[in-house]
Amino acid sequence: MFQTLYSYFWWERLWLPANLTWADLEDRDGRVYAKASDLYITLPLAFLFLVVRHLFETYVATPLAGLLNVKEKVRLKATPNAVLEKFYAATTKHPKQADVEMLSKKSGCTVRQVERWFRRRRNQDRPSLLKKFREASWRFTFYLIAFIAGMAVIVDKPWFYDLREVWKGYPIQSMLPSQYWYYMIELSFYWSLLFSIASDVKRKDFKEQIIHHVATIILISFSWFANYIRAGTLIMALHDSSDYLLESAKMFNYAGWRNTCNNIFIVFAAVFIITRLVILPFWIMHCTVFYPLDLYPAFFGYYFFNFMMVVLQSLHIFWAYLIIRMAQKFITGKVVEDERSDREETDNSEEEEEAAKNGPLSNGHPILNNNHRKTD
């Protein structure tokens, strides 16, 4: 059964144009072609990336955070409370008003103390500023190096200037060593992102990030074994052109360099919108949708590749919406921050109000004054 499924999966009519077979893409006469088996190396490379990332974050990003004076916010810890902790872990981190009143009776705390406890408990679970900085530093470093390497791979190629060259002679297009390493490193990196996504900083677009990573891995893999390498290198370099700007803006934001962060963010927003909402759909996707039809009839692989491109483009539109919202805040003079991040919750005003009524608070509870004078 497995052999049957394997045969169906690699059926040539699925992935190659009519009248072409996998035999046409076998190495001969000094020509080397991409092979699906080449992709096996990306899995061990992905784990190597995770090791390199750990070393980078420990020995490079952490000292850099110290130099940039990345400071943690003081977070007041929630006092141990078995009743509230059980509800927090098993039911929800955001109790409704009826739940708060019920928990107030069970725990012996006031309603305001229960609300404050949940705010502080949620803050405890939020990733530290140092973790965010280290993660942004790692991605900034990779995306910058990948963009420079990608441009070096494609800038001297004729299809960088004339998109019709992408399909000239397709699929009989031999692979270059620079293309091989560019593909293997990019794919390995995205595998590593998918493996670490559960432990990375979780943002509001967590599901969209998973879809993006999976779609990217599928696109890179398919474009490799179907020999869409020329189009693939253009797409990868285009994506890397703005990602390092976003990560650098995050780094300066975590370091408290607001003006630098805002200026980089505006540059990032312009590059993102131009590359993802203009160049990608009206140049690259136009190239992958229309130009191949001049050479051969549409086949499954053609539809599959362009469908995955539409999935990526849909995510770009979603993220462009978030970017425009942040740009509006910048224009109106508000601090630019990542729309995808959970905001730190504060209860300072309530503590001051509580203190005025009951005296100073210790971790959310009134401090008992045991120094009162005894009366005869």
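The following exercises, each with a worked solution, concern a predicted model of a single chain.

**Exercise 1. Overall composition**

State how many helices and strands the chain has and what percentage of its residues is buried.

*Solution.* Begin with the secondary structure, which comes to 13 helices and two strands. Next, consider burial: of the 376 residues in the chain, 46% are buried. Finally, take the contacts between residues at least 6 apart in sequence; 79% of these join residues at least 24 apart.

**Exercise 2. The nonpolar cores**

Identify the residues with the most contacts inside the largest nonpolar core, and the elements that give two or more residues to this core.

*Solution.* The largest nonpolar core has 69 residues, and Val-166, Trp-167, Phe-189, Trp-224 and Tyr-228 have the most contacts inside it. Two or more residues each come from α3 (42–67), α7 (129–154), α8 (177–196), α9 (206–225), α10 (229–254), α11 (258–290) and α12 (300–331). The largest share, twelve residues, is that of α12.

Now take Tyr-228 and set aside residues up to four places away in sequence. The residues that Tyr-228 touches include the aromatic residues Trp-167, Tyr-170, Tyr-183, Phe-222, Tyr-296, Phe-299, Tyr-302 and Phe-305. Ser-223 and Gly-301 are also in contact with Tyr-228.

Apart from the largest core lies another core, of ten residues, among them Ala-78, Tyr-88, Leu-103 and Cys-109.

**Exercise 3. Packing of α4 and α5**

Describe how helix α4 and helix α5 are placed, and which residues meet.

*Solution.* Two packed helices are described by the angle between their axes and the distance between the axes. For α4 (residues 82–90) and α5 (residues 97–107), the axes come within 9 Å and cross at roughly 145 degrees. On the α4 side, Val-83, Leu-84 and Phe-87 take part; they meet Asp-99, Met-102, Leu-103, Lys-106 and Ser-107 in α5. Sorted by class, this contact has five nonpolar, one polar and two charged residues.

**Exercise 4. Aromatic rings**

Classify the ring pair of Trp-15 and Phe-222, and state which parts of the chain the pair ties together.

*Solution.* The structure holds 43 aromatic pairs. In the pair of Trp-15 and Phe-222, the ring centres are 5.3 Å apart and the planes stand at 55 degrees, so the pair is tilted. Because Trp-15 lies in helix α2 (residues 12–15) and Phe-222 in helix α9, the pair ties together parts that are 207 residues apart in sequence. Both Trp-15 and Phe-222 are buried.

A further ring, that of Tyr-291, has Arg-164 over its face, at 4.1 Å from the ring centre.

Definitions and conventions. Residues numbered from 1 in each chain as written. Predicted model: local features only at pLDDT ≥ 70, side-chain atom pairs only at ≥ 80, totals over all residues. Heavy atoms only, no water. Core = buried A, V, L, I, M, F, W, Y, C linked by side-chain atoms within 4.5 Å. Buried < 20%, exposed > 50% of the residue type's maximum accessible area, 1.4 Å probe, protein only. Helix = DSSP H or I, 4+ residues; strand = E, 2+ residues; numbered from the N terminus. Contact = heavy atoms within 4.5 Å. Axes fitted to C-alpha atoms, helices over the stretch in contact; angles between N-to-C directions. Nonpolar A, V, L, I, M, F, W, Y, C, P; charged D, E, K, R; others polar. Phe/Tyr/Trp six-rings, centres within 6.5 Å; stacked < 30°, edge-to-face > 60°. Lys NZ or Arg CZ within 6 Å of the ring centre and 35° of its normal.
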